[in-house]
Amino acid sequence: MPKATFRFYEELNDFLPNHRRKTDFEATFKGKRSIKDMIEALGVPHTEIDLILVNGNSVDFNYILQDEDRVSVYPVFESLNITNVTRLRKLPLRRNKFVADINLGDIVKYMRVLGLDLYYHPLFSTREIIEISKRENRIILTKSRKLLKFKEVSHGIFIRPGTTTEQIRRIIDCLDIKDNINPFSRCLGCNTLLNIVPKEKILDRIPPKTKEFCDEYFQCPSCDKIYWKGTHFIHMKKVVRQILDHPES
Ligand SMILES: [Zn+2]
């Protein structure tokens with residue numbers, strides 16, 4: 001009979017009998033068997049699962065098991081340690097909204113430049129951050145391991161030391177959210193999506209020199225801030241390219 005080797009990680013082991021916990025084990029199967037079926041037959045509910053790797057590649061629940069497959073099954077990540085980046089790279093998209101801990105100013109700015117949805121206030125308390133994360137299904141970004149150890153925190157990313165570019169790149173890579181990026185679509189001040197605004201409507205708010213060279217303007221419907229592609233924009237564009245193109249690696 002065909003057989004596959006399984007390994008379950010973290011709290012998924014709670015669903016297994018003792019001799020199968022935290023160790024590789026073999027299981028045989030008959031005919032065409034989807035991986036979802038097989039995993040549930042082994043006792044683990046599929047709702048608990050965030051990532052399945054077969055022979056090192058991420059698969060979905062419909063994958064049909066093959067003889068000699070090596071299957072690794074991961075739970076909804078608790079605090080996704082960035083050192084595991086390569087393993088979780090193909091993580092299916094579940095959440096792509098964030099709330100940032102205090103002291104992450106630069107990360108906040110450039111994640112918003114990329115158009116990623118990131119909630120932040122420099123005076124947020126730990127309690128507020130956790131509550132927002134729970135209420136709005138946001139992934140917590142933090143440099144504090146302590147914050148990620150709170151029982152109610154289900155989705156958090158520990159920000160390791162590095163340049164802002166490296167740190168954001170790690171977040172994007174490990175959540176596989178490159179497709180969610182839409183640079184210069186969001187207000188850097190308040191995170192709201194920007195609208196295009198006709199030049200004539202805001203003439204009195206544009207510096208005279210800018211008026212001469214720029215015809216495209218954006219307005220934040222929430223805080224009213226006006227954006228255009230000026231000198232600031234050129235610098236930010238450079239950083240965006242650094243983050244997305246990996247020129248240093
Ligand atoms: Zn705004």
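Two strands pair if DSSP finds at least two bridges between them, and I kept that rule beside me while reading this predicted model.

**Entry 1: overview**

I began with the chain as a whole, and found eight helices and 13 strands in the protein chain. Of its 249 residues, 23% count as buried. I also looked up how far apart in sequence the contacting residues are: among contacts with a separation of 6 or more, 62% are between residues 24 or more positions apart.

**Entry 2: strand β7 and its partners**

Which strands are joined to β7 by three bridges and run parallel to it? On one count I found β9, residues 139-142, which is parallel to β7 and joined to it by three bridges; within this pairing, V99 has I140 of β9 as its bridge partner. I then found that β7, residues 97-100, is also joined by three bridges to β8, residues 117-119, and that these two strands run parallel as well. Here K97 has D117 of β8 as its bridge partner. Following the chain from β7 to β8, I passed through helix α3, residues 105-113, and noted that this β-α-β crossover is right-handed.

**Entry 3: the largest nonpolar core**

I next looked up the largest nonpolar core, which holds 25 residues, and noted that F98, A100, I107, M111 and L141 touch the most other members. At least two residues of this core come from each of β7, α3, α4, β9, α6 and α8, and α3 gives the largest share, with five residues. I wrote beside this that nonpolar side chains tend to be buried together in soluble globular proteins.

I took A100 as a case to follow: leaving aside neighbours within four places in sequence, A100 is in contact with I107, V108, L118, Y120 and L141. Apart from this core I found another one, of 14 residues, which includes A4, F6, F8 and L51.

**Entry 4: helices α3 and α4**

In α3 I listed I107, V108, Y110, M111, R112 and V113 as buried. After this helix comes G115, whose phi is positive, near 90 degrees.

In α4, residues 126-136, the buried residues are I129, I130 and S133. Why do they lie on the same side of α4? They cover an arc of only 95 degrees around the axis, and therefore they share one side of the helix. I recalled that an α-helix has 3.6 residues a turn, so residues three or four places apart point the same way. On the other side of α4, I found R127, E128 and R135 exposed. I then asked what covers the buried residues of α4, and found that β7 and β9 are included in the cover. After α4 comes N137, whose phi is positive, near 50 degrees.

**Entry 5: an open sheet of five strands**

Last, I turned to an open sheet in which five strands stand in the order β2-β1-β5-β3-β4, with mixed pairing. At its edges are β2, residues 25-28, and β4, residues 57-59; each has a single partner strand, so one side of each is left without a neighbour in the sheet. From one strand to the next, the twist averages 35 degrees.

For the edge strand β4 I looked up its pairing with β3, residues 49-54, and found three bridges between them, with the two strands running antiparallel. In this pair, L53 stands opposite S58 of β4.

Definitions and conventions:
Residues are numbered from 1 along each chain as its sequence is written. This is a predicted model: local features need pLDDT of at least 70, side-chain atom pairs count only at pLDDT 80 or more; totals for chains, interfaces and linings use all residues. Helices (H or I, at least four residues) and strands (E, at least two) are DSSP runs, numbered from the N terminus. A crossover is right-handed if, with the strands pointing away from the viewer, the path from the first strand over the helix to the second runs clockwise. A nonpolar core is a set of buried Ala, Val, Leu, Ile, Met, Phe, Trp, Tyr and Cys residues joined through C-beta atoms within 7 Å. A residue is buried if 20 or more other C-beta atoms lie within 10 Å of its own, exposed if 12 or fewer, and partly exposed in between; C-beta atoms are placed from the backbone. Two residues are in contact if their C-beta atoms, placed from the backbone, lie within 7 Å. Axes are lines fitted to C-alpha atoms, for helices over the stretch in contact, and angles run from 0 to 180 degrees between N-to-C directions. The arc is that of the directions from the helix axis to the C-beta atoms.
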